[in-house]
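Q: Please take a close look at the sheet in this protein, and at what packs around it. I would like a connected account rather than a list.

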Amino acid sequence: MDGFLTWGWKSHRHFNGNFYPLPSAMLSKIKKINYIRGKNNIEEKIIWASTVISPYNMGNVSGYDPYGLPDYVARISSFLNALNSERMKSFFFRPRPTHELVSFAVRDLVLSKCKHKESVKFDRCSLDFELHKISLVIVDNPGGVLHKSIVSNVPTIICWNRKDWLMCDEYEEFLDRAKKVNVFFDDPRELASFINERKESFQQWWESAPVQSVIHDFCLRWAQTSSRSCSEWLKFFYHYSM
């Protein structure tokens with residue numbers, strides 16, 4: 001192989017090379033499962049999907065640096081403390097399912113900083129098959145949940161400190177555009193205000209033309225899908241080997 005297989009991007013601003021965009025088979029499957037959104041769901045459900053923070057360098061685990069734990073916990077708790085009581089009724093915090101030796105107990109640390117810890121509910125659902133039932137997914141890392149949620153057409157908001165993740169210029173440009181349409185927030189308290197003040201459904205906001213333009217661009221570059229993903233991979237390797 002003389003290049004890189006990607007989920008959409010065809011070039012890199014700082015590196016020369018051959019880049020071959022192919023649809024993600026995993027994301028294509030997730031999209032097929034959740035192609036119908038739960039617009040008739042009466043109950044609102046908001047989930048913050050957290051991530052792994054290992055107490056030591058795991059090497060192959062994507063997550064926050066352990067030295068960033070205090071800031072990470074403070075960000076989530078500041079969001080929870082700013083969320084009004086009405087929205088809190090439909091909010092669930094989802095700790096990343098993992099072994100205690102792999103990650104700090106984020107759940108307990110977040111609760112210790114909350115003013116109304118008794119109001120915080122937890123969810124451990126399998127997101128792959130439950131996304132269509134969720135009104136809003138909040139992600140704090142550029143991992144799989146972000147991609148799965150977006151390709152499933154679930155209202156999704158990104159909330160992280162940009163200093164925590166080193167991104168290419170193209171991704172930083174995406175975050176700039178996402179911030180203008182409230183898909184990205186640096187400040188978790190501003191995110192809470194956005195949620196508190198929402199009068200229309202999250203789905204209505206998500207389906208607006210400005211938001212969909214940003215999301216469409218994201219999928220083209222980093223979350224390409226296809227109903228024939230396996231065939232496209234086979235076709236690529238057949239022609240590549242000739």
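A: What follows goes from the protein as a whole to the sheet, then to the helices and a few single residues.

The model is a predicted one, and it has 11 helices and 8 strands. Of the 242 residues in the protein, 43% are buried. Among contacts with a separation of 6 or more, 71% are between residues 24 or more positions apart.

The sheet is open and is formed by 6 strands in the order β5-β4-β3-β6-β7-β8, with parallel pairing. Its edges are β5 (121-122) and β8 (184-185), each of which pairs on one side only. In general terms, the strands of a sheet pair through backbone hydrogen bonds, in either a parallel or an antiparallel manner.

Strand β3 (46-49) is a convenient place to start, as its pairing can be followed in both directions. Towards one neighbour, β3 pairs with β4 in the parallel sense over 4 bridges, and here Ala49 stands opposite Arg94 in β4. Towards the other, β3 pairs with β6, again in the parallel sense and over 4 bridges, and Ala49 stands opposite Val139 in β6. Both faces of β3 are covered, since Ile46 and Trp48 on one side, and Ile47 and Ala49 on the other, are all buried, with relative accessible areas under 20%. Ala49 thus appears in each part of this description: it is one of the buried residues of β3, it stands opposite Arg94 in β4, and it stands opposite Val139 in β6.

From β4 (residues 91-94), the sheet continues to the edge strand β5, to which β4 is joined by 2 bridges, the two strands running parallel. In this pair, Phe93 stands opposite Phe122 in β5. Lys121 also has its place in strand β5, and this residue counts as partly exposed because its relative accessibility is 28%, which lies between the limits of 20% for buried and 50% for exposed. Leaving out residues up to four places away in sequence, Lys121 touches Met88, Lys89, Ser90, Phe91, Phe92 and Phe93. One of these, Phe91, is 30 residues from Lys121 in sequence, yet the two C-alpha atoms are 6.9 Å apart in space.

Turning to the helices, α2 (residues 69-82) lies across β3, β4, β6 (136-139), β7 and β8, and runs at about 170 degrees to β4. Helix α2 also packs with another helix, α8 (residues 188-197): their axes come within 8 Å and cross at roughly 30 degrees. An angle under 35 degrees counts as roughly parallel, and α2 and α8 are therefore described as roughly parallel to each other. The crossing in which α2 passes α8 is right-handed. On the α2 side, the residues that meet α8 are Arg75, Ser78, Phe79 and Ala82, and their partners in α8 are Pro188, Arg189, Leu191, Ala192, Ile195 and Asn196. By class, this contact has 6 nonpolar, 2 polar and 2 charged residues.

A second helix pair can be described in the same terms. The axes of α6 (residues 144-151) and α10 (residues 209-222) come within 11 Å and cross at roughly 125 degrees, and α6 and α10 are therefore oblique to each other. Here the crossing, in which α6 passes α10, is left-handed. Leu146, His147, Ile150 and Val151 in α6 meet Ile215, Phe218, Cys219 and Trp222 in α10, and the residues of this contact divide into 7 nonpolar, 1 polar and no charged.

Two further residues add detail elsewhere. Met167 is found in the loop between β7 (156-159) and α7 (169-180). Apart from its neighbours within four places in sequence, Met167 is in contact with Pro142, Trp160 and Glu172. Of these, Pro142 is 25 residues from Met167 along the chain, and their C-alpha atoms are separated by 9.8 Å. Thr6, for its part, has its place in strand β1 (residues 3-6), and Thr6 is buried because its relative accessible area of 4% is under 20%. Once neighbours within four places in sequence are set aside, the contacts of Thr6 are with Phe19, Tyr20, Pro21 and Leu22.

Terms used
Residues numbered from 1 in each chain as written. Predicted model: local features only at pLDDT ≥ 70, side-chain atom pairs only at ≥ 80, totals over all residues. Heavy atoms only, no water. Contact = heavy atoms within 4.5 Å. Pairing = 2+ DSSP bridges. Axes fitted to C-alpha atoms, helices over the stretch in contact; angles between N-to-C directions. Parallel < 35°, antiparallel > 145°, perpendicular 65-115°, else oblique. Left-handed = near helix turned anticlockwise from the far one by under 90°. Nonpolar A, V, L, I, M, F, W, Y, C, P; charged D, E, K, R; others polar. Buried < 20%, exposed > 50% of the residue type's maximum accessible area, 1.4 Å probe, protein only.
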